[in-house]
Amino acid sequence: MTKHKLLLVDGNSVAFRAFFALHNSLERFKNRNGLHTNAIYAFHNMFENVMQKEQPTHVLVAFDAGKTTFRTEMYAEYKGGRSKTPGEFKEQMPYIRELLTGLGVKYYELPNYEADDIIGTLAEKANKDEFDVVVLSGDRDLTQLASKEIKVDITVKGVSDIESYTPEHVAEKYDGLTPKQIIDMKGLAGDASDNIPGVTKIGEKTAIKLLKQYGSVEGIYEHIDEMKQSKMKENLINDKDQAFLSKELATINTQAPVEISIDSLKYEGKDLDKLVPFYKEMEFKQFLSKLAIVEEETPMTDILFEVVHEFHEDMFTTDMALYVEMMGDNYHTEDIVGVAWGTKEKIYVTNDLAIFENESFHSWLADPTRLKKVYDAKRTYVALNRYTTKTKGIDFDVLLGAYLLDTNEKSTDIEGIAAHYGYHEVQSDEAVYGKGARKGLPE
């Protein structure tokens, strides 16, 4: 009989590793709304790598439900002293859950327990005659679960560097210890990352030596009277309660009240109806292209363009776009070569500078109640003020809006901004006017 495979992922730990895997690219990974996406992107890569490698039949991603757990009730300083979680990481966590929904993967959290306890409970609950279990985490605490049927993969560095813990690997790495003795090792040596105290002055090497001789924390204290007098023995006696507390803190609860069945974790594949819009929102073009989805392009609404040389009052209404064209960048001195204004249905265009003498145009510009949307308000104000009256009623500036959404957006040409937001039909100034000696107005 072919066995099933259950993949259990430590969501918080892997997401945190993912965030720092691409931390140097933090400002490069943003979507158009200014959301950082580096953790989402790297988490996706890590997750897809392990899915491809393991080909699981059942999958769950477990998350911590909060900072308060049964361990903090036992020891208030548990996980204390950790540096503050970066805001750029926290803002991405809800979207990692959304990504998992699109990937067709269930996630789960349990108040008062950690993701480790969810994983440990399900790993132990799985029928070993039917399931092999793979655990993925960035936290070595979970290596205590390793057994003949449970492999624990720990992310070491980057996206794809994984260290697999089996009983054999644990024995090799920790000089003959079993996975369960890792708990005893932490009881003695503590764990700085979780602020587990351990016994004063006992490090990992000394802990391993004691465990090889006495088997467990309990075994050490059963034979404490037989030990020769030393500072280590004195510390063991003084810190006995601390040693047992540390072991308890380090022990994964494999009997947590998890209300999710293993059968419900069967992996049925990606939910493209959710995944495709998510990729688009995050601007993950590489992931979209791998889906090889051919989408029907939505035809653009035809806009009526009218070149005009006569100007009437009914051409100038409210809530219109306004654009002033100049050939050079210095809007304090450059000549205006054209003006365009209109709505999404109709655009009026003129290169007739008599427009600046027209009373209807003049009163429209000066009217603060007739709202106008522009590209680069400062440029528009300065240029028009040289030719006609002060412009009033500008209520939106596309260039300023683009900067506020993404301060790394350096485009000043409207074509660059348009392309950033998925509008690729707008040509650059260079494409329209040429450059250098050949630069000029087209016929």
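# Reading two sheets, a helix and some hollows

Guide: Let's start with a sheet in this predicted model. Six strands make up an open sheet with mixed pairing, and their order is E7-E10-E9-E8-E11-E12.

Visitor: Which strands are the edge strands there?

Guide: Strand E7 (304-307) and strand E12 (394-397), and each of them pairs on one side only. As you step from one strand to the next, the twist averages 25°.

Visitor: What holds strands together in a sheet, generally?

Guide: Strands pair through backbone hydrogen bonds, and the pairing is either parallel or antiparallel. For a case here, take strand E9 (residues 336-342) and strand E10 (residues 346-350): they pair in the antiparallel sense over four bridges. If you want to find one bridge yourself, look for Ala340, whose partner in E10 is Val349.

Visitor: And which strands does helix H15 lie across?

Guide: Helix H15 (residues 359-366) lies across strand E8 (320-326), E9 and strand E11 (372-374), and it runs at about 110° to E8. Helix H17 (residues 398-405) lies across E11 and E12, at about 50° to E12.

Visitor: Okay, on to the other sheet. In what order do strands E1 to E6 come?

Guide: The order is E3-E2-E1-E4-E5-E6, in an open sheet of six strands with mixed pairing. Its edge strands are strand E3 (106-109) and strand E6 (161-165), each pairing on one side only. Ignoring direction, neighbouring strands here are turned by 25° against each other on average.

Visitor: Are E1 and E2 parallel or antiparallel?

Guide: Parallel: strand E1 (residues 4-10) pairs with strand E2 (residues 58-63) over five bridges. Look for Leu8, which stands opposite Leu60 in E2. Helix H1 (residues 11-21) packs on this sheet and touches E1, E2, strand E4 (131-137) and strand E5 (150-157), with its direction at about 65° to that of E1. Helix H5 (residues 93-102) also packs on the sheet, where it touches E2 and E3, and its direction makes about 170° with that of E2.

Visitor: How do I read the length of a helix, say H2?

Guide: Compare its end-to-end reach with what you'd expect at 1.5 Å a residue. Helix H2 (residues 38-54) has 17 residues and reaches 24 Å from its first C-alpha to its last, close to the 24 Å expected.

Visitor: Is H2 mostly covered or mostly exposed?

Guide: Mostly covered, with twelve of its 17 residues buried. The cut-off for "buried" is under 20% relative accessible area. The buried residues include Ile40, Phe43, Met46, Phe47 and Val50, and also His44 and Glu54. Right after H2 comes Gln55, with a positive phi near 50°.

Visitor: Now the hollows. What is the volume of the second largest pocket?

Guide: About 1,400 Å³. The pocket is lined by 42 residues, and the closest to its centre are Phe16, Asp64, Lys79, Arg82 and Asp194. The elements that give two or more residues to that lining are H1, helix H4 (87-90), H5, helix H6 (115-125) and helix H8 (181-189). You've already met H1 and H5, packing on the sheet.

Visitor: And how many cavities of 30 Å³ or more does the structure hold?

Guide: One. A pocket is open, but a cavity is a space that the probe can't get out of. The largest cavity has about 70 Å³ of space. Its lining has 13 residues, and those nearest its centre are Tyr78, Asp116, Asp141, Leu249 and Ala250.

Note on methods
Residues numbered from 1 in each chain as written. Predicted model: local features only at pLDDT ≥ 70, side-chain atom pairs only at ≥ 80, totals over all residues. Heavy atoms only, no water. Pairing = 2+ DSSP bridges. Axes fitted to C-alpha atoms, helices over the stretch in contact; angles between N-to-C directions. Contact = heavy atoms within 4.5 Å. Expected span 1.5 Å × (residues − 1). Buried < 20%, exposed > 50% of the residue type's maximum accessible area, 1.4 Å probe, protein only. 1 Å grid on protein atoms, 1.4 Å probe; cavity = no way out; pocket = protein on both sides within 12 Å on 5 of 7 lines; lining within 4 Å. Points joined across faces, edges and corners; volume = space filled by probe spheres on them.
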